[in-house]
Amino acid sequence: MRAFIAISLPAPVRQQLADLREALPFGRPVPEENLHLTLAFLDDQPESLLRDLHEQLSLIRAEPFELSLCGLGIFGGPKPRALFAEVEESEPLLSLHREVRRAARRVDLTLPRERFRPHVTLARLPGQLSPLRARQLQLYLENHIAAPLPGFRVEDFTLFHSILGRDGARHEELATYPLSR
Ligand code: 2AM
């Protein structure tokens, strides 16, 4: 079962982010209902392992915290792959990320050791850009550099099942873990 752990965004925040990318001249927008902040991508895992992981995730104790989005960015350098909203690296967020990875380790799930760059992917980009498209993308970023970005309170995180279909992925909530004092 293809799964990942993420922070869901409140509907008004998803809406605001969806509005923000409306002027993007090309690329494949992430469907509004799928906008999320990935804490860990688990890939394909047996259901039994996900059940064990669920138990470990249920044991995480953390308080709700405020999350801020702080700008737009592009992954992929000269071959842009994705447009994202950058998320401020606050201590509560980094700590939750560490706890999630710890829970995965406890069930012998090895996650790649890449640096955590918290973000919300807004659109997939084609990678190879013509000079015209590169210019359009640059203009889009320049025009949106000062766009106000929403913040919100994180009250929980979620284990998702990602179901791949012909029109992209559909995300189904397997379990949600509340944060509480
Ligand atoms: P991203 O779009 O925010 O980068 C669920 O598939 C989520 O897991 C994706 O939205 C993606 O988050 C993240 N992810 C990280 N590594 C991935 C990979 N190798 N393949 C697919 N998704 C990955």
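Two residues are in contact here if their C-beta atoms, placed from the backbone, lie within 7 Å. With that in hand, let's walk through this model, which is a predicted one.

## Arg21 and its surroundings

Arg21 sits in the loop between α1 (11-20) and β2. Setting aside its neighbours within four places in sequence, Arg21 is in contact with Pro29, Leu83, Leu122 and Ala123. Leu122 turns up again in the nonpolar core, among the residues with the most contacts inside it.

Is Arg21 buried or partly exposed? It counts as partly exposed, because it has 19 C-beta neighbours inside 10 Å, and being buried takes 20 or more. As for Arg135, it is 114 residues from Arg21 in sequence, with 16 Å between the two C-alpha atoms.

## The five-stranded sheet

One open sheet has five strands in the order β2-β6-β5-β4-β7, with antiparallel pairing. At the edges are β2 (28-29) and β7 (151-154), each of which pairs on one side only.

Inside that order, β4 (residues 65-75) and β5 (residues 82-87) run antiparallel to each other and share six bridges. One pair to look for is Phe75, whose bridge partner in β5 is Ala82.

## Glu86 on β5

Glu86 is a residue of strand β5. It counts as partly exposed because 16 C-beta neighbours lie inside 10 Å.

Which residues does Glu86 touch, once neighbours within four places in sequence are left out? The list is Leu69, Cys70, Gly71, Gly73 and His119. Val120 is 34 residues from Glu86 in sequence, yet their C-alpha atoms are 6.6 Å apart in space.

## β1, β8 and β9

Another set of pairings involves β8. Strands β1 and β8 run antiparallel and are joined by four bridges, with Ile5 standing opposite Leu159 in β8.

β8 also pairs with β9 (residues 168-178), again in the antiparallel sense, this time over 10 bridges. Asp156 has Pro178 as its bridge partner in β9. The link from β8 to β9 is a hairpin that passes through two residues.

## The nonpolar core

The largest nonpolar core holds 33 residues, and those with the most contacts inside it are Ile5, Ala6, Leu39, Ala85, Val100, Val120 and Leu122. Two or more residues each come from β1 (2-8), β3, α2 (47-58), β4, β5, α3 (91-106), β6 and β8 (156-165). The biggest giver is α3, with five residues.

Val100 is a good place to start looking. Not counting residues up to four places away in sequence, Val100 touches Ile5, Leu39 and Ala40. Ile5 and Leu39 are themselves among the residues with the most contacts inside the core.

## Around the ligand

What surrounds the ligand? The shell is made up of Phe4, Thr38, Phe41, His119, Thr121 and Ser162. Two elements give two or more residues to it, namely β3 (36-44) and β6 (119-124).

By type, the shell has two nonpolar residues, four polar ones and no charged ones. His119 is worth a second look: besides belonging to this shell, His119 is in contact with Glu86.

Definitions and conventions:
Residues numbered from 1 in each chain as written. Predicted model: local features only at pLDDT ≥ 70, side-chain atom pairs only at ≥ 80, totals over all residues. Near = placed C-beta within 6 Å. Nonpolar A, V, L, I, M, F, W, Y, C, P; charged D, E, K, R; others polar. Pairing = 2+ DSSP bridges. Core = buried A, V, L, I, M, F, W, Y, C linked by C-beta atoms within 7 Å. Buried ≥ 20, exposed ≤ 12 C-beta atoms within 10 Å, placed from the backbone.
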